[in-house]
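Open the model in your viewer and keep the selection tool ready. The tour goes from one charged side chain to a sheet.

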Amino acid sequence: MQGFIKSQPIPRRTTSSRNWSEAEGVTRTNLTPHRVTYNYTKSGKSRSVPISKQLYAELIKEVPFVSCSAAFRKTIERAGIDLPRGQLTHVCRHTFASHFIMNGGDILTLQKVLGRSDIKPTMRHAHFSPDYLATIHRFSPI
């Protein structure tokens, strides 16, 4: 992040759990200490997501962002990665979600962070949990 200036693309860390356009649209008004709020979401509902103190400090200095989707597209093409149509930037969301679960995050928190109203689409990431189904022993009343 050092040397990052306003004419640079948006940091990838801010796209990890959001739609690309939501992340690129972040302004100072979206940032409050240790939280980013998305007002114009796909679902039409606002949502706030906690962020680290360090990320907040970096973001508050760097907004507004410029679009970097074209650079991302070229990088994917140069790497020879073939993605289904319409999935170019969406792959970041899926990668974030999978790693969130693999690192021990819970499925309900992931659902809220992703802004999904239904748990079903979020469940596709559940199998990445290291304790998937194993927690039944810990939480079962029998």
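A salt bridge here requires a side-chain nitrogen of Lys or Arg within 4 Å of a carboxyl oxygen of Asp or Glu. Buried means under 20% relative accessible area. Keep in mind that this is a predicted model.

Select helix 1, residues 20–24. Glu24 belongs to this helix. Is Glu24 buried, and which side chain of opposite charge is nearest? Glu24 is buried, and the nearest one is Arg73, 9.6 Å away. Glu24 has no salt bridge. Now add Cys68. Its backbone nitrogen lies 3.0 Å from a polar atom of the Glu24 side chain.

Next, show the sheet. It is open, with three strands in the order 1-2-3 and antiparallel pairing. Strand 1 (31–32) and strand 3 (47–50) are the edges; each has a single partner strand, so one side of each lacks a neighbour in the sheet.

Select strand 2, residues 35–38, together with strand 3. Four bridges join this antiparallel pair. Pick Tyr38: its bridge partner in strand 3 is Arg47.

Stay on strand 3 and turn it over. In a regular strand, side chains alternate between the two faces of the sheet. The covered face of strand 3 carries Arg47 and Val49. Ser48 and Pro50 are on the uncovered face.

Notes
Residues numbered from 1 in each chain as written. Predicted model: local features only at pLDDT ≥ 70, side-chain atom pairs only at ≥ 80, totals over all residues. Heavy atoms only, no water. Pairing = 2+ DSSP bridges. Helix = DSSP H or I, 4+ residues; strand = E, 2+ residues; numbered from the N terminus. Buried < 20%, exposed > 50% of the residue type's maximum accessible area, 1.4 Å probe, protein only. Lys, Arg positive; Asp, Glu negative; His and termini not counted. Polar contact = N/O pair within 3.5 Å; in protein donor to acceptor, adjacent residues only side chain to side chain.
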